[in-house]
Amino acid sequence: MIRRTVIDGRIPTRRGGKNARLMVAFLATALLSACQSVIEQTYEPTVSPSSNPQIVEEVQKNDPRAQLGAREHPRIVASYGGEYKDAKTERLVARITGALTAVSENPQQSYRITILNSPAINAFALPGGYLYVTRGLLALANDASEVAAVLSHEMAHVTANHGIERQQREEAEVIASRVVSEVLSSNLAGKQALARGKLRLAAFSRNQELQADVIGVRMLGEAGYDPYAAARFLDSMAAYARFTAVDPEADQSLDFLSSHPNAPQRVELARRHARAFGVEGTIGDRGRDYYLAGIDGILYGDSPQEGYVRGQTFLHGQLGIRFDVPVGFQIDNKAEAVLATGPGDIAIRFDGVADTAGRSLTDYIASGWVTGLQPDTIHPISVNGLEAATARASADRWDFDVTVIRIDNRIYRFLTAVPKGSSALESAASQLRSSFRRMTRAEVQSLKPLRIRVVTVRSGDTMATLAARMMGTDRKLDLFRLINAMQITSTVKPGDKVKIISE
């Protein structure tokens, strides 16, 4: 993510390659887990999804738990790209939450629901009734019961006061973050450490997760939703993690909820809980039609303020810049920078800083923000008619190419890292910098955000023809199956409603 307003920061090249590879490894997070126990009695649904949901403007007043949530709320919203505002989608999420509230452990608990403007697959809760769900999660889900499965799990954390127990760990996190901020030579690194601390605070203990699972599945069934939705959506999230992983076979325990049981265990135990309500496919409302109507048109992937990833290309219409990564690389548009990884453990980082001093770019490179800089390698160059400079650095097990390019009052920075001694550095860095250029007016005008579009299958349509209408990916059929929770053997028939991604 490179926003129009960019903030100066120092790049810690000592860690650049490793951090970049880790940060793009896995985007999906496990939101639900399961428990060793089984719900023994059979629940009869007594409440159907509400058409008049409880919509709360603010959480309970004079509640000390709400004070913690209120303090953290602005930070959470800021770190996830702000709130996603869409009246139709907000009503949809409120409707689901209203149905769950009526059967929760504490029906008097009020909730403040925020849809976060992030493509990440995530949902979480803060003490006092603050619930968060990303638009990325809403885009992945295929019916109301799947979102209800996520929200009921998070509501269970609230009603069980898990957030208060978690708060006791916060001081240790803050102290550790301060140490990192003081030791590292980078303000940005300190901010990233603080962000990682907040993510760890969002992770509950294993016992708390298991307890929330039991409560969540019970709420699903009693609210009249399909209780098997939790297992279904866990399957979808696992598929998404494989789809977005740089290495599909890599260890997925790198995510910040690594304390959860592994995916197969979660899915099986979630199904076991659901069997207390009846046989799969015979009970509960999935709410598919009104759910698809509620997310039709929702923003998918990057927002205009963050720039867009289109295959091997990063484009930012508001800044008017674009560049390509080499074939075989995967781009990850993160909050603090654009990252990319490729074969041979090559990692790329791109960001921008305000150019307030107006000094030469060779002086800028030598000004102290690059650790391990080799001063004799600093050279001025030109990149597609733009003033630029380049240099080399080396630290620990990594060699780096540093390229900076000036446009107006901004300096854009590329950091390419390879394992020490690798011959791939010059080729990768050269391809990268030579592709950087201003966008034409026509390119800017034609650049539009991607959205989820719900379409009705017509006679003659197949999965292949529908997938061909997808935009923003080279793996069209794979992504079509993923967002529609379809298998290789799945088929479509006239009248079915499916999701595609297009402008």
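This short presentation covers one sheet and two buried residues, Asp302 and Ser435.

Good morning. The model is predicted, so local features need pLDDT of at least 70 and side-chain atom pairs count only at pLDDT 80 or more, whereas totals for chains, interfaces and linings use all residues. Residues are numbered from 1 along each chain as its sequence is written, and side-chain values use heavy atoms, with hydrogens and water left out.

I begin with the sheet. Seven strands (DSSP runs of E, at least two residues, numbered from the N terminus) form an open sheet in the order S8-S9-S10-S14-S13-S12-S11, with antiparallel pairing. Pairing here requires at least two DSSP bridges between two strands. At the edges are S8 (330-333) and S11 (373-383), each paired on one side only. S8 is joined to S9 (residues 338-342) by 4 bridges, and within S9 Ala340 is the bridge partner of Ile331.

Next, Asp302, in the loop between S4 (299-300) and S5 (308-310). What is the nearest side chain of opposite charge to Asp302? It is Arg310, 5.7 Å away, and buried Asp302 has no salt bridge, which would place a side-chain nitrogen of Lys or Arg within 4 Å of a carboxyl oxygen of Asp or Glu. Lys and Arg count as positive, Asp and Glu as negative; His and the chain ends are not counted. The Asp302 side chain does reach the backbone nitrogen of Val309 at 3.2 Å.

Finally, Ser435 lies in helix H14 (residues 425-435), a helix being a DSSP run of H or I of at least four residues. Ser435 counts as buried because its relative accessibility is 14%; buried means under 20% relative accessible area, exposed over 50%, partly exposed in between, with a 1.4 Å probe and protein chains only.

Definitions and conventions. Polar contact = N/O pair within 3.5 Å; in protein donor to acceptor, adjacent residues only side chain to side chain.
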